[in-house]
Amino acid sequence: MKTNTNWRARLRYEFDKSMAAGAVALIGWLALVSLVVIIIAAAFLSLTGVGPDDGSPVTFIEAAWESLMRTMDAGAMGADQGWSFRGVSLVVTFAGIFVFSALISVISSGLEGKLDELRKGRSHVIENDHTIILNWSASVFDIISELVIANQSRKRARIVIMADKDKVEMEEEIAAKVGDLKNTKIICRSGDPTDLYDLGILSPQTSRSVIVLSPDSDDPDSQVIKTVLALVNDPNRRTAPYKIAAEIRDAGNAEVATIVGGREMQLVLADDLISRIVVHSSRQAGLSAVYSELLDFDGCEIYTLDQPELAGKPFGAAVMSYDVSTLIGLCDTEGKVHLNPSPNRVFEPGEKAIIIAEDDASIRISSTPAVCAKEAILPVVARERRPERTLILGWNRRGPLIATELARYVAPGSLLTIAANTPEFEREAASLAVAGSLTVEYQVVDTSSRAALDALDVPSYDHVLVLGYSDDMSAQSADTRTLITLLQLRKIAERAGKHISVVSEMIDVRNRELAEVTRADDFVVSNKLVSLMLAQASENEYMAAIFGELLDEEGSEIYLRPLSDYVAIDRPVNFHTVALSALRRGEVAIGYRRQRENDPDERNLGGVTVNPNRTGMISFDKKDMVIVLARD
């Protein structure tokens, strides 16, 4: 079906091209006819001596001018005198009426065709340093919103979108769902992103970056891989490498996509990313807010940039060199990312620093040494791991990934109970293969039923994960089912008089505000996280590798730990002191979670502060947590 559509589009293009060439040729023939008529009339008048009744001689030039005027304006012959002269003028005027009528018709048809081409979104884009988004999905609106924030410092910010969708329809949806575009202009084009001619419409040779979305189709990964293949193997491509961020749903297709895109592409494994963040957030309340803060452009971001002043410095000393930024790692000369390396690891010349900062202009080394209250630093407290009980309510294609990821972190003897009622749930749950440290049980129940939830004894579980039924329902229907489940869990917790740690997967970000009334600890909004990651990857070529390590059990991950384990809380301390305590444990402190009733929380981060000012004095208590990068 797609092939037929491509051929029809190409035939339409060839037809329009031939029609345009024919219009130009017709205009040329009309001009030639006019010229011939004028020359014949002028020659006749000059040779025969036919002229107005006053008998004045008519030269060839004068006769040609008179004929031209009558060709262009029929009213010009109204003052003519002499029937012979009037007869010649009448013939010239009739020829002019014919020629100009035909000319107006040709021009009108050409303009109408051009306007129709513009309406259909088939005209070429003439832009430089623009961001291209290929394919269409619910993620496009969040990506545009993030890029609008990132583009505020640019003079001619442009986002060009191409999808197999009507141009006007795309523009109307963006206008309705994105809102204020500030200084960014959106340009939409209709076409097939896997077609070389259609890609050429977007001027990828002059683009800043390219984002390839996973479309809403039967085989989205194949569409993404074909699009990347068309980009990197275009005979007319530029010699400089592209900066491509591509979304793949199935991790099994990642290897093929990597072969196709090579070093020009950053791969965002959507389901894998969401699954890992769901698992990490379920075990540590507030963690999804940390990920959101690091991924969106409104607040602190991760930058990878040259810091030649760090050359020759150990990593630990370099961490303590910043007052308003947080050094978390480095990128070596081969492009490999190292998060939280050994404090004794020395920066080599040419290596880039990976830094969390409000903006790149604020990144600078402090002119004075860090001041720390070393007497407030506490010795390491060893905490024994214990078995955990986890309950998953709901099921979708990410369920097996979540169960597998969870098994990597829990202590031996842990239990996972899965309750859902999707058509394929029982078969998929029975075939789960997880590590031996985790026992898996499953039940087919209605997760929105209060009686069914009471039978599960929800308060006996340490963690509860609520997944959306996104495989079998629309986004809004799945989120509605999730909201009902969350409200039931809230009532169960109130009746039991116990706090239940709940992490909920929301598909549509607009439903998050509704979900807040359920008081769940975290809301992992699926499309939003993928959108943020793609937007960041389009701006930072190392972002996929950075988050790959952050979410890898073998790399340095983000943990929220009791701050009272790091420093004495009986006195105010600055964050330099907390950072030094973390460094002594082989960790990097990047922020804290401090919840107070009167503290402002405009960005709805649940008290999470990433990249705090390190010199100000802060008072903490036993409930406060420190956010660290650590290997275990």
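This tour moves through the structure stop by stop, naming what to select and what is found there.

**The whole chain**

Begin with everything displayed, and keep in mind that this is a predicted model. In a cartoon view, the chain contains 19 helices and 22 strands. The chain has 632 residues, and 51% of them count as buried. Now switch on the surface: its accessible area is about 29,300 Å², and carbon and sulfur atoms make up 55% of that. Among contacts with a separation of 6 or more, 75% join residues that are 24 or more positions apart.

**Aromatic pairs**

How many aromatic pairs does a search of the whole structure find? The search finds seven. Select W136 and F141 to see one that is edge-to-face, with 5.6 Å from centre to centre and 90° between the planes. Both W136 and F141 are buried.

Next, select Y592 and F620. Their ring centres are 5.4 Å apart and their planes stand at 80°, so this pair is edge-to-face as well; the cut-off for that label is over 60 degrees. Y592 belongs to strand β19 (residues 588–593), whereas F620 is in the loop between β21 (617–618) and β22 (625–630). The pair therefore ties together parts that lie 28 residues apart in sequence. Y592 and F620 are both buried.

Then select W395, F425 and Y442, which form one aromatic cluster.

**Charges over rings**

Select R389 together with Y461. The charged end of R389 sits over the ring of Y461, at 4.5 Å from the ring centre. Move on to R585 and Y566, where the charged end of R585 sits over the Y566 ring, 4.0 Å from its centre.

**A nonpolar patch on the surface**

For the last stop, return to the surface view and select L32, L35, V36, I39, I40 and F60. These residues form a nonpolar patch on the surface, with about 520 Å² of accessible area together. Which helix gives the most to this patch? Colour residues 2–48 to find the answer: helix α1 gives the most, with five residues.

Finally, select L32 alone, which has its place in helix α1. Is L32 buried, partly exposed or exposed? Its relative accessibility is 41%, so L32 counts as partly exposed. The reasoning rests on two cut-offs, since buried means under 20% and exposed means over 50%, with partly exposed in between.

Conventions. Residues are numbered from 1 along each chain as its sequence is written. This is a predicted model: local features need pLDDT of at least 70, side-chain atom pairs count only at pLDDT 80 or more; totals for chains, interfaces and linings use all residues. Side-chain values use heavy atoms; hydrogens and water are left out. Helices (H or I, at least four residues) and strands (E, at least two) are DSSP runs, numbered from the N terminus. Buried means under 20% relative accessible area, exposed over 50%, partly exposed in between (1.4 Å probe, protein chains only). Contact means heavy atoms within 4.5 Å. Accessible areas come from the Shrake-Rupley method with a 1.4 Å probe; for residues, only the protein chains shown count as cover. Rings of Phe, Tyr and Trp (its six-membered ring) pair if their centres lie within 6.5 Å; planes under 30 degrees apart count as stacked, over 60 as edge-to-face and the rest as tilted. A charge sits over a ring if NZ of Lys or CZ of Arg is within 6 Å of the ring centre and within 35 degrees of the ring normal. Patches are made of residues with over 30% relative accessible area and no salt bridge: like charges are joined within 9 Å, nonpolar side chains (Val, Leu, Ile, Met, Phe, Trp, Tyr) within 5 Å. A salt bridge is a side-chain nitrogen of Lys or Arg within 4 Å of a carboxyl oxygen of Asp or Glu.
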